Amino acid sequence: MNSSEMKALFKAWRAGRKLYLNFFNDFSLEQLNKIPSGFSNNLIWNMGHAIITQQKLIYRGSNLPGYVSDALFQKYQSGTKPTEPVAEEEVSELKALLFSLIEKTENDYYAKVFSNYNERVTGIGFHLSCIEDAFECNNFHEGLHLGYMMSIRKLV
């Protein structure tokens with residue numbers, strides 16, 4: 001991928017995360033935690049899951065630890081669902097991670113930290129052969145969860 005394509009990818013990622021930020025700003029703690037009938041998760045889980053999946057796709061896929069705690073990773077990874085309401089402190093932590101992780105990841109990309117990537121096919125069918133594939137998959141994945149959140153918001 002050339003430099004302008006990567007800049008466009010990072011720009012799209014930031015735009016999506018701005019929409020995620022609106023959920024943090026526009027919904028109460030109670031609304032963020034509410035699991036509507038017919039859903040298995042809530043707004044805050046979707047946001048936490050997007051953050052964790054980015055770290056998994058990009059950092060763990062490159063054999064790097066990333067920037068989130070193991071506790072957060074375990075709580076929001078694929079296959080999990082909310083088991084208890086999230087406290088305001090964790091909401092604040094996730095909100096802070098929305099853009100700080102983009103900044104760190106972008107800096108790491110341009111510093112060539114991602115020197116190798118473990119080729120694989122994701123659970124949503126993306127074939128990842130390089131770090132740039134992981135970035136594209138991440139944006140797609142975050143868009144999927146944004147769609148879920150747009151459905152949930154009407155019910156909370």
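The exercises below go through a predicted model of one protein, each with a worked solution.

**Exercise 1. Find which elements of the protein have the lowest and the highest mean pLDDT.**

Solution. Begin with the protein as a whole, for which the mean pLDDT is 95, while 100% of the residues reach 70 or more. Then turn to the elements, where strand β1, covering residues 120-121, has the lowest mean value at 94, and helix α2, covering residues 29-33, has the highest at 98.

**Exercise 2. Describe the surroundings of Asn-41, and decide whether this residue is buried or exposed.**

Solution. The first step is to place Asn-41, which is found in the loop between α2 and α3, the latter spanning 43-59. The second step is to look at accessibility: the relative accessible area of Asn-41 is 13%, and because buried means under 20%, the residue counts as buried. The third step is to list what Asn-41 touches once residues up to four places away in sequence are set aside, namely Ile-35, Pro-36, Asn-46, Pro-82 and Ile-152. Of these neighbours, Asn-46 deserves another look, since its side chain and that of Asn-41 are joined by a polar contact of 2.9 Å.

**Exercise 3. State how many salt bridges a search of the whole structure finds, and work out which helices are tied together by the pair Arg-17 and Glu-142.**

Solution. The search of the whole structure finds 5 salt bridges. In one of them, Arg-17 is paired with Glu-142, and the closest N and O atoms are 2.7 Å apart. Arg-17 belongs to helix α1 and Glu-142 to helix α6 (residues 131-153), so this pair ties together parts that are 125 residues apart in sequence. As a last step, consider accessibility: Arg-17 is buried at a relative accessible area of 0%, and Glu-142 is likewise counted as buried, at 4%.

**Exercise 4. Follow the salt bridge between Glu-103 and Arg-14, and name the residues of the network to which salt bridges with shared partners give rise.**

Solution. The side chains of Glu-103 and Arg-14 meet in a salt bridge with an N to O distance of 3.7 Å. Glu-103 lies in helix α5 (residues 88-110) and Arg-14 in helix α1 (residues 3-26), so parts 89 residues apart in sequence are tied together by the pair. Both partners are partly exposed, with a relative accessible area of 42% for Glu-103 and 26% for Arg-14.

For a further pair, take Glu-90 and Lys-75, whose side chains meet in a salt bridge of 3.0 Å, N to O. Glu-90 lies in helix α5 and Lys-75 in helix α4 (residues 70-76), so that distant parts of the chain, 15 residues apart, are linked. Here Glu-90 is buried at 18%, whereas Lys-75 is partly exposed at 28%. Finally, the network formed by salt bridges that share partners consists of Arg-14, Glu-103 and Glu-106.

**Exercise 5. Explain why Cys-130 and Cys-137 are too far apart for a bond.**

Solution. Recall first that a disulfide is a covalent bond between the sulfur atoms of two cysteines. The cysteine sulfur closest to that of Cys-130 is in Cys-137, at 12 Å, and because a disulfide requires sulfur atoms within 2.5 Å, this distance is too far for a bond. The structure accordingly holds 0 disulfides. The accessibility of each cysteine completes the picture: Cys-130 is partly exposed at 25%, whereas Cys-137 is buried at 1%.

How values were computed:
Residues are numbered from 1 along each chain as its sequence is written. This is a predicted model: local features need pLDDT of at least 70, side-chain atom pairs count only at pLDDT 80 or more; totals for chains, interfaces and linings use all residues. Side-chain values use heavy atoms; hydrogens and water are left out. pLDDT is the predictor's confidence in each residue, from 0 to 100. Helices (H or I, at least four residues) and strands (E, at least two) are DSSP runs, numbered from the N terminus. Buried means under 20% relative accessible area, exposed over 50%, partly exposed in between (1.4 Å probe, protein chains only). A polar contact is a pair of N or O atoms within 3.5 Å; within protein, one must be able to donate a hydrogen and the other to accept it, and residues adjacent in sequence count only if both atoms are side-chain atoms. Contact means heavy atoms within 4.5 Å. A salt bridge is a side-chain nitrogen of Lys or Arg within 4 Å of a carboxyl oxygen of Asp or Glu.
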